[in-house]
Amino acid sequence: MKDRRPDVIKARHLARKAIVYVRQSSEEQVLSNQGSTEAQRSQAELAERWGWRKKEIEIIDVDLGLSGTATAHRTGYQHMVEDIQADRVGIIFLTDHTRAGRTSIDWFHLLNHLEHNDVLLAIDGTAYDSKDAATILMSKIYAVFGEHENRARRAHMERGRMAKIAAGKTVTQPPVGYIRLPDGSWIRDPDPVVQQGVEAVFRAFLKARSLRAAVRCLQADGLRIPRRRTGHPVGWVPPSVPGVQRIVTNQNFTGDYVWGRNRSDPRHGRDRRGRLRARRVEPGRRTIISNHHEPYVTRADWEEVQSVLVGNRWNGRHPGGLGRGRALLQGLIRCRRHRGWRMAPAYKNERKDGTSPHSYHCIGDYHDGGLQCGHRPGRPIDDAVVEAVLLRLEPPKLAVLRDLWRQSRREAVAEGRQLGDELRGAQREAEDLWERFMSVDSESRLVRAALEHRLEEAEARVRMLRERGTMSPSRTAVFDEQGFEELLGLAQTLPALWSAETTTDLDRKEILRALIADVYVEAVDRERIDLTVLWSDGAVETQRQVILSPRAHRLIREWAAEGLSETAIAVRLGDLGIRTKYGTEWSAKAVHRALARMTERESTSVV
């Protein structure tokens with residue numbers, strides 16, 4: 001019967017082309033369900049038997065592997081609609097209503113185009129007149145039910161995944177470095193080379209303290225990093241920032257199974273394949289099975305990695321990366337004059353001793369057509385802030401800090417007890433609701449639905465409380481009494497450790513960032529810079545004044561005119577805390593050189 005031309009096909013339809021629209025929702029379906037694809041393409045034979053010439057039959061299959069939940073990303077669908085609106089199409093062939101789209105809105109739009117342009121619709125070998133009211137009604141009903149079925153199927157699959165997770169099973173494929181067993185458990189990849197590759201990425205990041213620096217570290221060692229795509233074996237690729245980031249931000253490497261790190265968000269639009277773009281989910285809303293598999297990184301190292309990543313973000317709240325230069329206040333120093341903007345470090349040409357003088361630069365009103373704020377000498381500013389830091393870390397301050405730590409430890413213990421009580425109460429409530437839910441008659445649908453909703457909320461609260469217990473380690477766990485005694489002894493020798501050759505500039509920057517929230521340049525003139533140091537612990541801010549070279553030169557000139565010796569001038573400068581632009585103390589030799597340069601400049605200007 002299908003070979004007989006339907007009565008709805010008229011000569012005006014045969015005068016235009018026939019379109020066979022072919023689509024599969026994913027690449028996996030295209031590969032594994034080739035029978036469906038061939039069945040859709042075979043409709044071209046039916047169009048030929050109904051009277052269309054072979055050259056007038058167009059098969060549109062460029063949308064294979066694209067989701068049907070949106071039409072804007074499907075070029076084949078858009079081409080078909082353009083031809084329909086241009087009166088070039090007499091009929092379109094689909095195997096079912098869902099091939100054109102999975103949302104009723106898209107289907108309604110297509111029906112509207114078909115009706116206005118007198119285009120027939122053939123579904124599963126049956127031709128329909130798009131102008132027929134009954135056909136339009138039934139098609140719309142099919143579309144609404146199809147959309148509802150699609151949503152219900154997704155909800156059912158989501159409940160099934162949650163049930164598996166509640167039973168301690170995984171529902172996703174593991175990251176590279178792990179293998180998933182048939183029972184849902186994960187084990188380390190038995191290949192030691194793959195294990196070493198994952199460990200090398202974490203080791204490089206903890207050493208380099210930034211993504212780009214970790215990539216350079218891996219490249220310097222001639223290493224490649226492992227990568228595995230779904231359905232493919234482990235491959236090896238050159239180190240890259242996205243590749244390193246993919247590993248060091250995956251919490252599954254801690255030994256916990258984490259589900260729901262990313263969720264689809266319609267507000268972010270769709271990717272080129274039509275899928276909703278995902279956004280990162282807050283840690284408190286993720287589902288976690290603790291100690292599910294063998295870890296690659298300790299929890300302490302994981303927390304350190306994440307804190308470094310957060311600190312490396314360059315925005316108003318975070319100071320950005322540490323950098324490799326000698327500017328110790330990189331990312332911490334701001335210009336009060338220009339709305340607290342961060343000042344960027346700038347380096348001059350390298351000296352003979354291998355050092356590069358640096359300064360801090362504020363762009364000022366340059367982007368608004370005004371002037372730049374200018375450069376501020378870096379070494380004197382760094383020295384003033386470091387002096388303030390070393391004064392704060394004197395033993396008496398640490399003794400006060402130990403008292404505060406003891407009080408915080410007592411509060412943490414009390415919070416832990418309260419959390420335990422809340423968790424036990426939530427577990428009892430969930431168990432009670434489960435018993436009530438199982439005892440209700442299956443025909444009491446409303447009662448069962450209400451209990452099921454309350455049960456889901458109770459189970460979600462239990463998971464949330466468990467996550468709080470595992471994800472929020474005690475803030476007092478870093479130190480103990482012995483650790484504070486060692487820290488008090490260490491503070492006695494801190495100035496020597498700060499200046500030691502074994503202490504790198506990266507170490508110094510880490511210490512400053514741990515103690516300082518921001519450093520503001522308050523006022524600047526030719527002879528001085530006023531600074532305000534804001535501390536991370538909320539302590540009273542510290543004021544500092546940096547004396548610049550012009551003031552030192554003025555004093556040297558005035559005291560020399562009074563008849564003071566070069567040695568006496570150097571002593572006076574030291575008593576005032578004035579240093580050279582290199583951060584060293586003034587000596588008689590340095591005073592002599594400064595006087596000679598000033599005399600030379602004056603004589604040159606006279607000439």
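This dialogue goes through surface patches and cysteines in a predicted model.

Me: What should I keep in mind about numbering and confidence here?

Reply: Residues are numbered from 1 along each chain as its sequence is written, and side-chain values use heavy atoms, with hydrogens and water left out. Because the model is predicted, local features need pLDDT of at least 70 and side-chain atom pairs count only at pLDDT 80 or more, while totals for chains, interfaces and linings use all residues.

Me: Which residues gather in a patch of positive charge on the surface?

Reply: Patches are made of residues with over 30% relative accessible area and no salt bridge (a side-chain nitrogen of Lys or Arg within 4 Å of a carboxyl oxygen of Asp or Glu), like charges being joined within 9 Å and nonpolar side chains within 5 Å. Here the positive patch consists of Lys 348, Lys 581, Lys 589, Arg 593, Arg 597 and Arg 601. Among them, Lys 581 lies in the loop between α19 (566–575) and α20 (588–606), and Lys 581 counts as exposed because its relative accessibility is 52%, where exposed means over 50% and buried under 20% (1.4 Å probe, protein chains only).

Me: Which residues make the nonpolar surface patch?

Reply: Leu 137, Met 138, Ile 141, Tyr 142 and Phe 145 make a patch of about 520 Å². Phe 145 belongs to helix α7 (residues 133–166) and, at 57% relative accessibility, counts as exposed.

Me: How many disulfides does a search of the whole structure find?

Reply: A disulfide is a pair of cysteine sulfur atoms within 2.5 Å, and the search finds zero. For Cys 335, the nearest cysteine sulfur, that of Cys 373, is 3.8 Å away, and Cys 335 is buried at 3% relative accessible area. For Cys 362, the nearest cysteine sulfur is that of Cys 335, 3.9 Å away, and Cys 362 counts as buried at 1% relative accessibility.

Technical notes:
Accessible areas come from the Shrake-Rupley method with a 1.4 Å probe; for residues, only the protein chains shown count as cover. Lys and Arg count as positive and Asp and Glu as negative; His and the chain ends are not counted. The place of a charge is taken as NZ of Lys, CZ of Arg, CG of Asp or CD of Glu. Helices (H or I, at least four residues) and strands (E, at least two) are DSSP runs, numbered from the N terminus.
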